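This report looks at a few parts of one protein model. Keep the sequence and the structure in view while reading.

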Amino acid sequence: MPKLKEECGVFGIYNNLEASNLTYLGLHALQHRGQESAGIVTSDGVNLHKHKDMGLVSDIFDEATLSGLPGQHAIGHVRYSTTGSSQTKNMQPIVINYFRGALAIAHNGNLTNAKTLRDELEGEGAIFQSTTDTEVIVHLIAKSKEEKLVRRIIEALTRCKGAYSLMFLTPESVIAVRDPYGFRPLVMGKLGDSVVFASETCAFDLIEAEYTREVEPGELILVDKNGVQSFKPFGETKHAYCVFEYIYFARPDSFLTGRNVYQVRKELGKQLAKEHPADADIVVAVPDSGVPSAMGFAEEAGLPLEMGLLRSHYVGRTFIQPQQSIRNFGVKLKLNAIKEVLEGKRVVIIDDSIVRGTTSRKIVKMIRSAGAKEVHMRISSPPTKFSCYYGIDTPLKEELIANSLDVDEIRKYITSDSLGYLSLEGVMKAVEDTKKLNGGETFCNACFTGKYPVELTDQKKIKQKQLGLFGG
Ligand code: SF4
């Protein structure tokens, strides 16, 4: 059940006459990573051509717009959903024409020192057109004194802290970069003679590209007429792959660090059943993200998995204001309980996380109203206590229910008969136990532990300012 919002998805392709069509398909497969806006920029070897708009990929692009994007190289971007039309200025890819030529950039992630850098750049006279931290990177690249673009990008990113999986496009090249911690995913593949990049491997499946490997944390890959060149300019550091990508964000058919996300989620469910078994008759998933974990839970517990909740896939934005008389309107638009499945049953309900608690409360109520005798809530991750500053749009920590209430207090709030969260050890075991290609990875788990792998420069300054310790 989507409660946290994924920030973005990126795609890139070098050397294919169908570049814009393939980027369209790639973005289509990455749509779950952002539904607010989408954009494609292509290169015909001399000029860049762009089209971006608010809305879903399939609404923004059609035959006419795609044929207006000529060229054999392209990058694309999908952005997360927020309300308000003022977000048009934040659509990506960003395209600039500076004294060294044209450059397009698409970014997934979030810089933790963006405000600090922006203040500095504005102090030097820079004028910003958007509120995205991506524009900070653009300004740093433009003002670099380095000769070659790769060196300019490296110099700019050396100043940036936080999470970035980036795609760049120039008239002659495509460049992919992943931050040294590897927070957000980025993979490389091939399609005939073309090189492709995407946030997730599911984009390759759709265009029938072959997965080659991950873009390594701290790696910059340049693809141009000289072939594929890899640079490791940022030095080695401990990796911090976002563990929430496995729990909720990524598509289950994708592979992250060589692991299939569906298998990891199923394993999370098995661990959850071991840690928090329930005396129940049936297991029900909160669709869609809770489904693989519910399958694992049911298998481990030896209980039948039933479809007690049905999700509507056709929920767009609604502008109807709910009346007091039609409560739970929001959740009812997305989910409906199947009475025949739930009536008289002791139900274990599996979800991936609880953010504010309001949705879980409504789901429990919905299941009880459908006649369930008992409702046992199980969550396939630890309590979400802290905000993410690395590219996931989480509420302020004060709004996270687990930040202020303990497990039993949350249980009372959501009105379930019992509540069990998977431990962090259980999450890591599930990730580690899943067949993988890589090994020895380390993960970010800051939203559960508050241990942030990269310093929160901007946050620290805001806090110091609030405490009167920081001037300016
Ligand atoms: Fe992922 Fe949580 Fe770390 Fe953000 S804080 S990168 S959501 S694990």
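Over which ring does the charged end of Arg-361 sit? The ring is that of Tyr-413, and the charged end of Arg-361 lies 4.6 Å from its centre. The model is predicted, and every value below is computed from it.

## Charges over rings

A second charge over a ring involves Arg-118 and Phe-128: the charged end of Arg-118 is 4.2 Å from the centre of the ring. Arg-118 belongs to helix α4, residues 114-123, where it is one of the buried residues. The others listed as buried in α4 are Ala-114, Thr-116, Leu-117 and Leu-121.

An α-helix has 3.6 residues a turn, so residues three or four places apart point the same way. After α4 comes Gly-125, which has a positive phi near 105°.

## Aromatic pairs

A pair of aromatic rings is described by the distance of the centres and the angle of the planes. Searching the whole structure gives 11 aromatic pairs. In one of them, Tyr-246 and Phe-443 meet edge-to-face, with 5.7 Å from centre to centre and 75° between the planes. This pair links distant parts of the chain, since Tyr-246 is in helix α8 and Phe-443 is in strand β26, 197 residues apart.

Are these two residues buried or exposed? Tyr-246 has a relative accessible area of 2%, and Phe-443 has a relative accessibility of 13%. The cut-off for buried is under 20%, so Tyr-246 counts as buried and so does Phe-443.

Aromatic residues also form a cluster made up of Tyr-181, Phe-183, Tyr-389, Tyr-390 and Tyr-452.

## Helix α16 and Val-431

Helix α16 covers residues 424-433, and its buried residues are Leu-424, Gly-426, Val-427, Met-428, Ala-430 and Val-431. Among the elements that cover them are α8 (243-249), β17 (259-260), α9 (261-275), β26 (443-444) and α17 (446-449).

Val-431 is a residue of this helix. Its relative accessible area is 1%, so Val-431 is buried. Which residues does Val-431 touch, leaving out those up to four places away in sequence? They are Val-243, Tyr-246, Arg-259, Val-264 and Phe-443. Both members of the edge-to-face pair, Tyr-246 and Phe-443, are therefore touched by Val-431. Arg-213 is 218 residues from Val-431 in sequence, and their C-alpha atoms are 19 Å apart.

## The ligand and its surroundings

Which residues are found around the ligand? They are Phe-183, Arg-184, Cys-242, Val-243, Phe-244, Cys-388, Tyr-390, Ile-392, Cys-444, Asn-445, Ala-446 and Cys-447. Helices α8 and α17 each give at least two residues to this shell. The ligand takes up the space of the largest cavity.

Some names recur here. Phe-183 and Tyr-390 stand around the ligand and are also members of the aromatic cluster. Val-243, another residue around the ligand, is touched by Val-431.

## Helices α1 and α11

Is α1 enclosed or exposed? Eight of its 11 residues are buried, so α1 is largely enclosed by the rest of the structure. The buried ones are Ala-19, Ser-20, Leu-22, Thr-23, Tyr-24, Gly-26, Leu-27 and Ala-29.

Helix α11 spans residues 329-334 and contains Lys-334. With a relative accessibility of 32%, Lys-334 counts as partly exposed. Lys-334 and His-313 are 21 residues apart in sequence, while their C-alpha atoms are 7.5 Å apart in space.

## Backbone details in loops

Two cis peptide bonds can be pointed out. One joins Gln-92 and Pro-93, with omega about 0°, and Pro-93 lies in the loop between β5 (73-79) and β6 (94-98). Another joins Pro-287 and Asp-288, with omega about -5°. Asp-288 is in the loop between β18 (282-285) and α10 (291-301).

Positive phi values also occur in residues other than glycine. Asn-15 has a phi of about 70° and is found in the loop between β2 (8-14) and α1 (19-29). Thr-415 has a phi near 65° and is in the loop between α15 (407-414) and β25 (418-421). Asn-15 counts as partly exposed at 35% relative accessibility, and Thr-415 is partly exposed with a relative accessible area of 35%.

Conventions: Residues numbered from 1 in each chain as written. Predicted model: local features only at pLDDT ≥ 70, side-chain atom pairs only at ≥ 80, totals over all residues. Heavy atoms only, no water. Buried < 20%, exposed > 50% of the residue type's maximum accessible area, 1.4 Å probe, protein only. Helix = DSSP H or I, 4+ residues; strand = E, 2+ residues; numbered from the N terminus. Contact = heavy atoms within 4.5 Å. Phe/Tyr/Trp six-rings, centres within 6.5 Å; stacked < 30°, edge-to-face > 60°. Lys NZ or Arg CZ within 6 Å of the ring centre and 35° of its normal. Near = heavy atom within 4 Å. 1 Å grid on protein atoms, 1.4 Å probe; cavity = no way out; pocket = protein on both sides within 12 Å on 5 of 7 lines; lining within 4 Å. Sits in = over half its atoms within 2 Å of the grid points.
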